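Let's work through some exercises together, one small step at a time. Keep the sequence and the 3D view open as you read.

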2 protein chains.
Amino acid sequence: MSHYLVITGGVGGAKLALGLSKIMPASDVTFAVNTGDDFDYLGFHISPDIDTLTYTLAGLNDTDRGWGRREESWNFLSTLQTLDEETWFQLGDRDLAIHVYRTSLLAQGKTLSEVTDGIAKKLGISHFLVPMTDQSLRTVVVTADGKLPFQDYFVKYQAKPVVEAIEFSGSTGARLSPGVSEALSRPELGGVIICPSNPYLSIDPILSIPGFRALLSEITVPVIAVSPIIGGKAIKGPTEKIMHEMNLEAGCSSLSVAHHYRDILDGIIIDTMDAALSDDITALGLEVSVGETLMTSLQIKKDLAQQCLALIEKIQS
Amino acid sequence: MSHYLVITGGVGGAKLALGLSKIMPASDVTFAVNTGDDFDYLGFHISPDIDTLTYTLAGLNDTDRGWGRREESWNFLSTLQTLDEETWFQLGDRDLAIHVYRTSLLAQGKTLSEVTDGIAKKLGISHFLVPMTDQSLRTVVVTADGKLPFQDYFVKYQAKPVVEAIEFSGSTGARLSPGVSEALSRPELGGVIICPSNPYLSIDPILSIPGFRALLSEITVPVIAVSPIIGGKAIKGPTEKIMHEMNLEAGCSSLSVAHHYRDILDGIIIDTMDAALSDDITALGLEVSVGETLMTSLQIKKDLAQQCLALIEKIQS
């Protein structure tokens with residue numbers, strides 16, 4: 001029985017994570033989640049990507065809205081807005097309970113790993129769900145309008161400022177969380193899967209933890225990724241806009257994603273729409289697998305999860 | 001035009017405060033509210049009595065439940081309870097917004113007076129609503145089971161422990177808030193009204209602020225109270241139980257209330273049911289006014305408010 005380390009950001013990554021959770025026993029996978037988007041708001045420690053994974057794996061996510069909890073109400077927020085017009089972050093009444101509980105436990109000295117695990121278990125998640133790090137590592141978007149904390153860039157300014165670079169404040173002092181380290185040191189580690197999240201905003205924060213990128217490039221088990229780009233477009237969020245603003249040689253494409261990860265990847269799954277890129281990606285030394293990556297149903301999520309395991313197996317053999 | 005300083009605790013006091021607010025122009029009255037019940041919960045600064053006054057004067061209070069806001073929802077609390085079984089304080093989704101907003105502003109260095117005034121104005125209250133003090137002064141209930149912060153005694157232990165004494169932690173360093181001081185120094189000050197709140201738990205905290213009790217006993221304008229006891233019973237809360245536990249000579253009665261305040265009062269309003277106590281109270285040197293004090297309608301609240309002004313006028317003349 002192999003164990004897999006799955007590296008993920010928020011919404012897009014959570015879809016593949018859900019598929020993987022459905023085809024693998026709880027003890028066979030560790031979901032390591034980006035915390036670069038974490039921020040403090042009104043005194044609460046908010047971990048957007050951890051919450052997305054938690055709600056998704058617990059079956060509590062709102063699939064229509066695409067984020068947050070099902071059966072959510074907004075009476076806290078609407079009341080707050082009568083007091084403070086500058087309220088810009090969408091905090092649902094149920095969602096807020098998670099932030100308050102987390103903040104309270106962190107203030108008591110618990111680590112983010114402990115708090116994340118506690119919440120996941122209380123909500124009935126049996127898989128390992130861990131933050132990438134227990135230290136503060138914050139994604140900072142360097143824009144033409146100045147440096148912006150990720151949530152300011154993403155929510156407050158709706159990803160409109162032009163991105164010049166992305167920095168990870170605090171990465172020098174960050175260490176992999178115990179759960180990630182433990183997964184990596186398991187003798188039965190079978191592979192590492194990078195979910196189709198934004199490579200620059202959601203995966204790079206994890207890769208910026210000292211030693212981790214080098215470790216992945218040297219590790220003997222296969223490291224694969226699922227490209228978040230389909231036909232030159234991103235499903236959601238600012239990925240596409242950012243990739244254009246970065247003046248990448250291959251533009252917003254799965255080839256650019258392969259380039260970005262080439263030092264750590266052994267294989268990549270790209271969408272059937274991008275099959276024509278296979279030769280160029282293979283030329284980078286990567287195994288390419290083509291399939292349906294637009295995860296519009298649970299079956300497709302599970303199929304893509306199976307395809308990840310198949311690609312890892314192919315690379316290993 | 002005279003100005004009146006009204007001293008009040010939560011629910012019972014808020015009823016008279018509402019009556020007074022309906023018969024007096026906004027600039028003619030300052031409501032000074034007990035903050036001895038304030039506490040920190042999950043990192044929030046909660047001011048139960050200020051909130052009760054705020055919701056009542058803004059017409060946002062839930063009159064059926066008797067506390068909290070109208071049209072309240074409880075999704076935050078129910079979610080929190082799935083995470084933490086020890087959650088004991090009832091926090092509605094709308095109510096929570098007030099606590100979060102207050103806590104956020106206090107953390108920015110604003111005073112409780114500034115925050116209270118800001119919230120009141122945002123909710124459309126035109127009267128002066130001020131905390132008794134901007135410093136931390138906490139009511140501690142000394143019980144047979146040990147010392148308990150007020151909310152622990154009142155909510156968590158449902159006022160069951162036997163009360164031996166009541167202490168006011170931090171009173172030595174507390175000063176009257178600017179709004180109370182300003183009301184007291186107005187040349188047009190016409191009187192001081194103590195609302196029918198629990199004398200020991202809701203009014204004594206205010207009287208424990210150094211110099212205030214002496215000031216009230218010496219002040220030249222009339223100081224009156226409305227007794228919270230009707231026919232040996234309190235309308236609500238632990239007043240009656242506490243008064244019995246304190247082994248007062250006159251038991252749980254308006255006579256005991258008059259005794260308790262005798263050094264500062266010039267007059268007191270007692271219920272018609274207690275008219276027989278008038279002679280004993282008059283013997284203490286107080287002007288007694290008898291009337292309907294069970295405020296079951298807005299008209300009765302306004303009538304009782306008028307009776308307060310009439311008693312002050314009678315004492316002055």
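Below are six exercises, each with a worked solution.

This is a predicted model, in which local features need pLDDT of at least 70, side-chain atom pairs count only at pLDDT 80 or more, and totals for chains, interfaces and linings use all residues. Residues are numbered from 1 along each chain as its sequence is written, while chains are lettered from A and ligands numbered from 1 in the order in which they are written.

**Exercise 1. Find the confidence values for chain A and for the complex.**

Step 1: Start with pLDDT, the predictor's confidence in each residue, from 0 to 100. Chain A has a mean pLDDT of 95, and 100% of its residues reach 70 or more.

Step 2: Now turn to the complex, for which the predictor gives an ipTM of 0.88 and a pTM of 0.89.

**Exercise 2. Describe how chain B is related to chain A, and describe the contact between them.**

Step 1: Superpose the copies by least squares on the C-alpha atoms of residues with pLDDT of at least 70 in both. Chain B falls on chain A after a rotation of 180° with 0.0 Å of shift along the axis, and the RMSD is 0.0 Å. This is the relation of a two-fold axis.

Step 2: Look along the axis for the residue of chain B that comes closest: B:Asp93, whose C-alpha is at 3.1 Å.

Step 3: Count the contact residues, where two residues are in contact if their C-beta atoms, placed from the backbone, lie within 7 Å. Chain B gives 21 residues and chain A gives 21 residues.

Step 4: Ask which elements take part; helices (H or I, at least four residues) and strands (E, at least two) are DSSP runs, numbered from the N terminus. On the side of chain B that touches chain A, the elements giving two or more residues are α3 (75–83), α4 (93–107) and α5 (112–122) of chain B. The largest share, 9 residues, belongs to α4(B).

Step 5: Sort that side of chain B by residue type, with Ala, Val, Leu, Ile, Met, Phe, Trp, Tyr, Cys and Pro as nonpolar, Asp, Glu, Lys and Arg as charged, and the others, Gly among them, as polar. You get 10 nonpolar, 7 polar and 4 charged residues.

**Exercise 3. Trace the open sheet of 7 strands in chain B.**

Step 1: Two strands pair if DSSP finds at least two bridges between them. Following the pairs gives the order β5-β2-β1-β9-β10-β13-β14, with parallel pairing.

Step 2: Find the edges, β5 (128–131) and β14 (287–291) of chain B, each of which pairs on one side only.

Step 3: Zoom in on one pair: strand β2 (residues 29–33) of chain B is joined to β5(B) by 4 bridges. In this pair, B:Val33 stands opposite B:Pro131.

**Exercise 4. Work out the order and edges of the open sheet of 3 strands in chain A.**

Step 1: The order is β7-β6-β8, and the pairing is antiparallel.

Step 2: β7 (146–149) and β8 (163–169) of chain A are the edges; each has a single partner strand, so one side of each lacks a neighbour in the sheet.

Step 3: Strand β6 (residues 138–143) of chain A shares 4 bridges with β7(A). There, A:Thr143 has A:Gly146 as its bridge partner.

**Exercise 5. Decide whether helix α11 of chain A is enclosed or open.**

Step 1: Call a residue buried if 20 or more other C-beta atoms lie within 10 Å of its own, exposed if 12 or fewer, and partly exposed in between, with C-beta atoms placed from the backbone.

Step 2: In α11 (residues 254–261) of chain A, 7 of the 8 residues are buried, so the helix is largely enclosed by the rest of the structure. Among them are A:Leu255, A:Val257 and A:Tyr261.

**Exercise 6. Examine phi and the surroundings of A:Asn247 and B:Ala159.**

Step 1: Remember that most residues other than glycine have a negative phi.

Step 2: A:Asn247 is not a glycine, yet its phi is positive, about 50°. A:Asn247 sits in the loop between α10 (239–245) and α11 of chain A and counts as exposed, with 7 C-beta neighbours inside 10 Å.

Step 3: B:Ala159 has a positive phi too, near 60°. B:Ala159 lies in the loop between α6 (150–156) and β8 (163–169) of chain B and is partly exposed, with 18 other C-beta atoms within 10 Å.
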